Amino acid sequence: MDIIIAAPETISNVVEANGTVIAEEYVELRPEISGRLTYLNVPEGKNIAKGTVIARVNDADLRAQIAKSKVQLDLAQTTVDRYKKLLDINGLNQADYDAAVNQVNSLRADIVYSQALVDKTVIRAPFSGVAGLRGISPGAYVSPSTVIATLQQTNKVKIDFTLPDMYGNIIKKGMLVTVEVDAASKDIRKAIVVATEPGANTDTRNLKVRALLQGGTANPGAFVKVHIDAGQSRTSIKVPTNCIIPDDKNNQVVLVKNGMASFVNIKTGIREASMVEVVQGIKAGDSVVVTGVLFARPKNPVQVRSVKTLHDVSDTSAAK
């Protein structure tokens, strides 16, 4: 068996989280009413201004209904005017006059309602952005469930990432975090935290954080790595992750004491790629078994083959 001698090592207090690039604004363009498309203008992949007409749904029946209501309104208004003259000379009872006035108001309301439906037949860009790929063709029959295209505002992008709720106290609005946009090209940028969810997710116990990317953009939906400085680096004892024995209640390591194997419970802290911080259970100078752990038995003699350094062990783990 190989062992290492526990000694304080520098622990980098940088938390790494997985993040996703989110467009500043994103919307799926859908019609509000069902009908046949009579106009479609989706410049795929190009910028469009706010208010630009994207599509129109056939509104001929609605406009015909408005025209019919206007004719009826003219007649109803004429009747009200005639009834008013009769009412002034007591030639008509009040109830008949009130019914005629109600008919006028009802027709006006019908016209307003129909006009509102006509307005819904026009689909406009709610903000300036880049149009996505067109999902339908001119002349297609659409409904509110039909996605005509997407619209994204990509001149600014946000980064959404999650952290264990234990780090909630280090995340502050306005703080800077480091974002690794492209690992291959080492594209490293900064982002400013703009908001956090008020509470952690009850299933994962993670806290969702949103930051605004600085100095350029990235493709929405892309995966990024986020690094958060959780404070000053400190010294602590580290051991290889493969020498830890997990059980149903505790994590254990094997120490060599007086030539015998001794199983001790430990409490872990920050994890690195191949190492883990031990905050309780091991002290400086202890001999920790790092290979052949599964062959060790409590209070049985241990044959030490070599004494390795933590650097040697971490290099071997990385090679694997």
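The largest pocket comes first, and its volume is about 330 Å³. A pocket here is found on a 1 Å grid over the protein atoms alone: it is an open set of points where a 1.4 Å probe fits, with protein on both sides within 12 Å along at least five of seven lines. Grid points are joined across faces, edges and corners, and the volume is the space filled by probe spheres set on the points.

A word on the model. It is predicted, so local features need pLDDT of at least 70 and side-chain atom pairs count only at pLDDT 80 or more, while totals for chains, interfaces and linings use all residues. Residues are numbered from 1 along each chain as its sequence is written, and side-chain values use heavy atoms, with hydrogens and water left out.

Back to the pocket. What lines the largest pocket? The lining is S12, V14, V15, E16, M166, Y167, G269, I270, R271 and E272. Lining residues have an atom within 4 Å of a point. Strand 3 (14-29) and strand 18 (260-271) each supply at least two of them. Strands are DSSP runs of E, at least two residues long; helices are runs of H or I, at least four long; both are numbered from the N terminus.

Now the sheets. Strands of a sheet pair through backbone hydrogen bonds, either parallel or antiparallel. Two strands count as paired if DSSP finds at least two bridges between them. Take strand 11 (residues 176-182). Six bridges join strand 11 to strand 12 (residues 187-196), and the two run antiparallel. There, E180 stands opposite I188. Strand 11 also pairs with strand 14 (residues 223-229), again antiparallel, over three bridges. In that pairing, T178 faces H227.

Elsewhere, four strands make an open sheet. Their order is 7-6-4-9, with antiparallel pairing. Which strands sit at the edges? They are strand 7 (122-124) and strand 9 (141-142), each pairing on one side only. Strand 9 pairs with strand 4 (residues 35-40) over two bridges. One bridge puts R36 with Y141.

Next, two asparagines. Most residues other than glycine have a negative phi. N90 has a positive one, near 60°. N90 sits in the loop between helix 1 (60-88) and helix 2 (94-120). Buried or exposed? N90 counts as exposed, because its relative accessibility is 74%. The cut-offs are under 20% relative accessible area for buried, over 50% for exposed, and partly exposed in between, with a 1.4 Å probe and protein chains only. N258 also has a positive phi, about 55°. N258 lies in the loop between strand 17 (251-257) and strand 18. At 79% relative accessibility, N258 is exposed.

Now some distances. N90 and T52 are 38 residues apart in sequence, yet 57 Å apart in space, C-alpha to C-alpha. K257 belongs to strand 17. K257 is partly exposed, because its relative accessible area is 40%. Its C-alpha is 111 Å from that of K84, and the two residues are 173 apart along the chain.

Last, the surface. I5, V304 and V307 form a nonpolar patch with about 240 Å² of accessible area together. Areas come from the Shrake-Rupley method with a 1.4 Å probe; for residues, only the protein chains shown count as cover. Patch residues have over 30% relative accessible area and no salt bridge; nonpolar side chains (Val, Leu, Ile, Met, Phe, Trp, Tyr) are joined within 5 Å, like charges within 9 Å. A salt bridge is a side-chain nitrogen of Lys or Arg within 4 Å of a carboxyl oxygen of Asp or Glu. I5 is in strand 1 (residues 2-5). I5 counts as partly exposed, because its relative accessibility is 43%.
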